[in-house]
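Hi,

Here is the structure I promised to pass on. Have a look at it first, and my notes follow underneath.

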Amino acid sequence: MQKVLITGGSEGIGYAFAEYYSSIGSEVFLVARNRMKLIDIKNTLENKYHNAVNMICMDLSLQNSASTLYEQVKDENIDILINNAGCGYTERFWKIDIEKEEKMVMLNDMTLMSLTKLFFRDMKKRHDGVILNVSSTGAFQPGPYIAGYYASKTFVASYTRAVYEEAKEYGVRIYCLLPGPVATDFYRKSGVKAPMHAMKSDKVVAYTIKHMKKKCFIIPGVMNRIVRFLPESIRIYFIKKTKWKNIQKKRG
Ligand SMILES: NC(=O)c1ccc[n+]([C@@H]2O[C@H](COP(=O)([O-])OP(=O)(O)OC[C@H]3O[C@@H](n4cnc5c(N)ncnc54)[C@H](OP(=O)(O)O)[C@@H]3O)[C@@H](O)[C@H]2O)c1
């Protein structure tokens, strides 16, 4: 039975991956902080699909959390690792709490990088395995009023594209998922509302599964694939305008 480890598997895009893999008979391992939510998801998925759902309650924004997680599951021979857990903040950069943003970088980048390395070593020995790192279309340009988050996602895209090249000769496939807006609770948590055109998580997952083949970058949504070819100055102008509006709305 295929074993799939999903960070941030209790909600949003991560949950949609958990549901997909459970539905095709995989055993899933879900990592998140909120135990009650994990228990809820475990019960829902096990009752619906009758495949084992394992919960790992852990804060991945803490230093060394990647090694702690790896030690807990290393004997399971994970076939697919989905580095999905992430967070971001929309605000003027100097107003975002330093500790919060440092934890964001730890979660979005440092933990993801270490997990990629730790699990790759085992996959390399087996000459088999898949790692999917979740970035964002925000990776393609700087984001005024969401500067730290976009920069953290640029890191994910650059790192993943590089290690994809190194890994392929060892039979391990490493992909980078770059979604545009997705209708999840992510927006509320980052202090704004999801845009009307946000994609559904299950659509993002279906597109990803279909495209985890040849290319490293997977970008769901036609508009998201087109927009990245506009001049950078235009993209930055629109992001600045939209995010500033978000901040104004937040203030009420
Ligand atoms: N939604 C979008 O529009 C969008 C667009 C592009 C990219 N993305 C990326 O897609 C990924 C998933 O986003 P989403 O929209 O599905 O977010 P979400 O609905 O907010 O879900 C985030 C998941 O990550 C977990 N998580 C958050 N902080 C964690 C921590 N410190 N340690 C362990 N788990 C943690 C959450 O559970 P707990 O809170 O219980 O820990 C939850 O399961 C993120 O990397 C995000 O940057 C999202």
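For the classes I use below, Ala, Val, Leu, Ile, Met, Phe, Trp, Tyr, Cys and Pro count as nonpolar, Asp, Glu, Lys and Arg as charged, and the others, Gly among them, as polar. On that basis the shell around the ligand has 13 nonpolar, 12 polar and six charged residues.

Before the rest, some housekeeping. This is a predicted model, where local features need pLDDT of at least 70 and side-chain atom pairs pLDDT 80 or more, while totals for chains, interfaces and linings use all residues. Numbering starts from 1 along each chain as its sequence is written, and side-chain values use heavy atoms, with hydrogens and water left out.

Now the ligand. It is surrounded by 31 residues (a heavy atom within 4 Å), and the closest are Asn84, Tyr149, Val182, Thr184 and Lys189. Polar contacts (N or O pairs within 3.5 Å) include these:

- Ser10: a side-chain N or O atom 2.7 Å from a ligand oxygen
- Asp59: a side-chain N or O atom 2.9 Å from a ligand nitrogen
- Asn84: a backbone N or O atom 2.7 Å from a ligand oxygen

On its own the ligand has 870 Å² of accessible area (Shrake-Rupley, 1.4 Å probe), and the protein covers 96% of that. Helix α6 (a DSSP run of H or I, at least four residues) gives the largest share of the shell, three residues.

One more thing: what about Ile234, which lies in helix α9? Ile234 counts as partly exposed because its relative accessibility is 34%, between the cut-offs for buried (under 20%) and exposed (over 50%).

Cheers

Conventions. Polar contact = N/O pair within 3.5 Å; in protein donor to acceptor, adjacent residues only side chain to side chain. Helix = DSSP H or I, 4+ residues; strand = E, 2+ residues; numbered from the N terminus. Buried < 20%, exposed > 50% of the residue type's maximum accessible area, 1.4 Å probe, protein only.
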